[in-house]
Amino acid sequence: MASSGIGVHPGCLQDYQTLKLGKKLKYIIFKFSPDFKEIVTEKTSESDKYEDFLADLPEDQCRFAVYDFHFQKEGAGQRNKVCFFLWNPDAATIKSRMLTASSKEALRKSFDGIHIDVQGSDLSEVSYENVLEKASRSF
């Protein structure tokens with residue numbers, strides 16, 4: 001359970017395992033349940049277009065996400081890293097931003113095999129180039 005008191009719905013873990021092991025899903029977006037008692041899956045996607053992922057991040061609402069990031073590493077070939085995203089846009093309410101920040105670790109720790117953490121409050125911070133730079137550094 002998060003320091004915020006919000007739990008993680010078991011479906012989130014099942015979806016994560018599907019992404020990690022099944023290699024069909026490209027990304028998963030998580031949100032708070034309507035009663036704010038747990039984190040639930042909002043969307044899963046097989047789209048390999050990073051732009052689709054960015055389009056699914058609301059401008060004024062916080063989200064968590066996991067993305068199976070594939071990239072070409074010079075001299076090392078095709079690589080992939082599983083990235084955990086904390087999307088905390090400036091346009092979201094202060095209450096939502098605080099709740100999201102205090103709930104991050106509960107969700108993040110329930111996923112084994114995360115390679116990179118990305119936190120963003122605007123699209124430039126979660127851009128493909130920024131994630132590629134973090135992924136390339138991690139080798």
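## A walk from Ser-33 through helix and sheet

Start by selecting Ser-33, which counts as buried because its relative accessibility is 7%. This is a predicted model, so treat every stop on the tour as part of a prediction. Ser-33 sits in the loop that joins β2 (27–32) to β3 (38–45). Show its side chain and look for Lys-37: the backbone nitrogen of Lys-37 is 3.3 Å from a polar atom of the Ser-33 side chain. Once neighbours within four places in sequence are set aside, the contacts of Ser-33 are Glu-38 and Val-40.

**Next stop: the hairpin**

Colour β2 and β3 together. These two strands form a hairpin, with five residues between them. Their pairing is antiparallel and runs over six bridges. For one example, select Tyr-27 and find Ser-45 of β3 opposite. Now move to the turn and pick Phe-36, which has a positive phi of about 60 degrees.

**Aromatic rings**

Keep Phe-36 selected and add Phe-32. How many aromatic pairs does the model hold? The count comes to 16. In the pair you have selected, Phe-32 and Phe-36, the ring centres are 5.8 Å apart and the planes meet at 40 degrees, so this pair is tilted. Is Phe-32 buried or exposed? Phe-32 is buried, with a relative accessible area of 11%, while Phe-36 is partly exposed at 46%.

For a wider view, select Tyr-27, Tyr-50, Phe-53, Tyr-67, Phe-69, Phe-71, Phe-85 and Tyr-128; ring pairs link these residues into a cluster. You have already met Tyr-27 in the hairpin, opposite Ser-45.

**On to helix α1**

Select residues 10–22 to bring up α1, a helix of 13 residues. From first C-alpha to last it reaches 17 Å, close to the 18 Å expected at 1.5 Å a residue. Which residues of α1 are buried? They are Gly-11, Cys-12, Tyr-16 and Leu-19. These four cover an arc of only 140 degrees around the axis, and therefore lie on the same side of α1. Turn the helix to its other side to find Pro-10, Gln-14 and Leu-21, which are exposed.

What covers the buried residues of α1? The cover includes β1 (7–8), β2, β3, β4 (63–73) and β5 (77–87). Before leaving the helix, click on Lys-23, just after α1, where phi is positive at about 60 degrees.

**Last stop: the sheet**

Now show the strands as a cartoon. Strands of a sheet pair through backbone hydrogen bonds, either parallel or antiparallel. Here six strands make an open sheet with mixed pairing, in the order β1-β3-β2-β4-β5-β6. At the edges stand β1 and β6 (116–120); each has a single partner strand, so one side of each is left without a neighbour in the sheet.

Begin at the β1 edge. β1 and β3 pair in the parallel sense over two bridges, and Gly-7 has Glu-38 in β3 as its bridge partner. Glu-38 is also one of the contacts of Ser-33, where the tour began.

Then cross the sheet to β4 and β5, which pair in the antiparallel sense over eleven bridges. Select Val-66 to see one of these bridges: its partner in β5 is Phe-84.

Definitions and conventions
Residues numbered from 1 in each chain as written. Predicted model: local features only at pLDDT ≥ 70, side-chain atom pairs only at ≥ 80, totals over all residues. Heavy atoms only, no water. Buried < 20%, exposed > 50% of the residue type's maximum accessible area, 1.4 Å probe, protein only. Polar contact = N/O pair within 3.5 Å; in protein donor to acceptor, adjacent residues only side chain to side chain. Contact = heavy atoms within 4.5 Å. Phe/Tyr/Trp six-rings, centres within 6.5 Å; stacked < 30°, edge-to-face > 60°. Expected span 1.5 Å × (residues − 1). Arc of directions from axis to C-beta. Pairing = 2+ DSSP bridges.
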